[in-house]
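Trainee: I have a new structure open and no idea where to start. Can you walk me through it?
Mentor: Sure. Pull it up and we'll go piece by piece.

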Amino acid sequence: MGMSIMRCRFVPRTLYGLALGLSALASIPAHAADIAAGKEKAELCVGCHGEGGISQIENIPSLAGQPDQFIQWQLVFFRSGTRKSDEMQPVVEQISNEDIRNLGAYLASLTPPGPPAPDDNPGLSRKGAEAAAGRRCASCHTDTYAGTKAVARLAGQRKDYLLKALRDYKSGLRSGGGGAAMAEVAYPLSEEEITALAHYLAHL
Ligand code: HEC
Ligand code: HEC
């Protein structure tokens, strides 16, 4: 698993060296992740990301059921400053490579968020489903939108956070580790499409 992420086509070349230098991911094969230790460390996260990794706070993502590698990469990006967040900065200063490995395994093992209340706007979901099909979102995020490897789970994520993420990619505020994958995908999206996509994905 440690090496497969290094070859993942969603990870840009410049980050291979970065991650190898940081060695959080490069050292994966050396020891198995410790889920119990990850759970203990995750007490640092509960205040923002919620009990069981299900966020109750606007603009803070749920982490439950995100792919292990996606979580690890995002933590490495925050730590290297490639991804910026005033909230996450002080957190990543307190965690080691081993913590990152354990947190990835623990958070990925949690039951992902179910859809929020019943869909109050099925018409908007239909538009979102059409936009997702037209833009081939599932080709990377998988048919169930559960994500895989370094590609995020989108199904059941908070709608406000999906909106923020898509706007951040579109504006260039977030460049992502997927090469230019998400920046390229988000750039041509209209605000109308973004709204429909976020609504659709949050209700999966
Ligand atoms: C003070 C609040 C706060 C704490 C504590 C916190 N986070 Fe976060 N976290 C955030 C916010 C806000 C974001 C979204 C940043 C953005 O908008 O790009 C985030 C994003 C993330 C992401 C990216 C997820 C995604 O879907 O893009 C990961 C992974 C993450 N946090 C892991 C953790 C872990 C693990 C801990 C505990 C060790 C933790 N966070 C503690 C506020 C917090
Ligand atoms: C070519 C592959 C690819 C395609 C196509 C793609 N994505 Fe992504 N997406 C990724 C990768 C890789 C990431 C993680 C990037 C990062 O590190 O920030 C991601 C991240 C995201 C995130 C951030 C999730 C989070 O929790 O932080 C959202 C939202 C998202 N994609 C939505 C979409 C939507 C909507 C579409 C279709 C319009 C789409 N993606 C198409 C590869 C893709």
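**Walking through the model**

Mentor: Start with Ile 100, which is buried, with 25 other C-beta atoms within 10 Å. Keep in mind that this is a predicted model.
Trainee: Where is Ile 100 found?
Mentor: Ile 100 sits in helix H7. Its C-alpha atom is 8.2 Å from that of Ile 71. Along the chain, those two are 29 residues apart.
Trainee: OK, zoom out. How many helices and strands does the protein chain have?
Mentor: There are 12 helices and zero strands. Reading along the sequence, you get α-α-α-α-α-α-α-α-α-α-α-α.
Trainee: What percentage of the residues count as buried?
Mentor: The protein chain has 204 residues, and 36% of them count as buried.
Trainee: And the contacts? What share join residues at least 24 apart?
Mentor: That share is 73%, among contacts between residues at least 6 apart in sequence.
Trainee: Let's talk about the core. Which residues in the largest nonpolar core touch the most other members?
Mentor: Ile 71, Leu 107, Leu 162, Leu 166, Leu 197, Ala 198 and Leu 201. The core has 34 residues.
Trainee: Which elements give two or more residues to this core?
Mentor: They are H5, helix H7 (97–109), helix H10 (159–171), helix H11 (181–186) and H12. The largest share comes from H12, with seven residues.
Trainee: Why would nonpolar side chains be buried together?
Mentor: It is a general tendency: in soluble globular proteins, nonpolar side chains tend to be buried together.
Trainee: Back to H12, then. How do the axes of H8 and H12 cross?
Mentor: Helix H8 covers residues 122–134 and helix H12 covers residues 191–202. Their axes come within 7 Å and cross at roughly 105 degrees. H8 and H12 are therefore roughly perpendicular to each other.
Trainee: Which residues meet there?
Mentor: From H8, you have Leu 124, Ser 125, Lys 127, Gly 128, Ala 129, Ala 131 and Ala 132. They meet Glu 193, Ala 196, Leu 197, His 199, Tyr 200 and Leu 201 in H12. By class, that contact has eight nonpolar, three polar and two charged residues.
Trainee: Pick one for me. What is Ala 131 in contact with?
Mentor: Leaving aside neighbours within four places in sequence, Ala 131 is in contact with Glu 193, Ala 196 and Leu 197. The C-alpha atoms of Ala 131 and Ile 194 are separated by 8.8 Å. Those two are 63 residues apart along the chain.
Trainee: Is Ala 131 buried or partly exposed?
Mentor: Partly exposed, with 19 other C-beta atoms within 10 Å. The cut-off for buried is 20 or more.
Trainee: New topic: the ligand. Which residues come nearest to ligand 1?
Mentor: Cys 45, Cys 48, Pro 61, Ser 85 and Glu 87, out of 21 residues around ligand 1. Helix H4 (46–49), helix H5 (68–80) and helix H6 (88–92) each give two or more residues to that shell.
Trainee: How do the residues of that shell divide?
Mentor: The shell around ligand 1 has 14 nonpolar, four polar and three charged residues.
Trainee: You mentioned H6. Where is Met 88 found?
Mentor: Met 88 is in helix H6. It counts as partly exposed, with 18 C-beta neighbours inside 10 Å. Its C-alpha atom is 8.6 Å from that of Leu 75, and the two are 13 residues apart along the chain.
Trainee: And H5? What does Phe 70 touch?
Mentor: Phe 70 has its place in helix H5. Not counting residues up to four places away in sequence, Phe 70 touches Gly 147, Ala 150, Val 151 and Ala 152. The C-alpha atoms of Phe 70 and Thr 148 are separated by 7.8 Å, at 78 residues apart along the chain.
Trainee: Is Phe 70 buried or exposed?
Mentor: Phe 70 counts as buried, with 23 C-beta neighbours inside 10 Å.
Trainee: Last one, the backbone. What is phi of Asn 59?
Mentor: Near 65 degrees, a positive value in a residue other than glycine. Most residues other than glycine have a negative phi. Asn 59 lies in the loop between H4 and H5. With 12 C-beta neighbours inside 10 Å, Asn 59 counts as exposed.
Trainee: What about Thr 142? Where is its place?
Mentor: Thr 142 is in the loop between helix H9 (138–141) and H10. Its phi is positive, about 75 degrees, although it is not a glycine. Thr 142 is partly exposed, with 17 other C-beta atoms within 10 Å.

Conventions. Residues are numbered from 1 along each chain as its sequence is written. Chains are lettered from A and ligands numbered from 1 in the order in which they are written. This is a predicted model: local features need pLDDT of at least 70, side-chain atom pairs count only at pLDDT 80 or more; totals for chains, interfaces and linings use all residues. Helices (H or I, at least four residues) and strands (E, at least two) are DSSP runs, numbered from the N terminus. Two residues are in contact if their C-beta atoms, placed from the backbone, lie within 7 Å. A residue is near a molecule or strand if its C-beta atom, placed from the backbone, lies within 6 Å of it. Ala, Val, Leu, Ile, Met, Phe, Trp, Tyr, Cys and Pro count as nonpolar, Asp, Glu, Lys and Arg as charged, and the others, Gly among them, as polar. Axes are lines fitted to C-alpha atoms, for helices over the stretch in contact, and angles run from 0 to 180 degrees between N-to-C directions. Angles under 35 degrees count as roughly parallel, over 145 as roughly antiparallel, 65 to 115 as roughly perpendicular and the rest as oblique. A nonpolar core is a set of buried Ala, Val, Leu, Ile, Met, Phe, Trp, Tyr and Cys residues joined through C-beta atoms within 7 Å.
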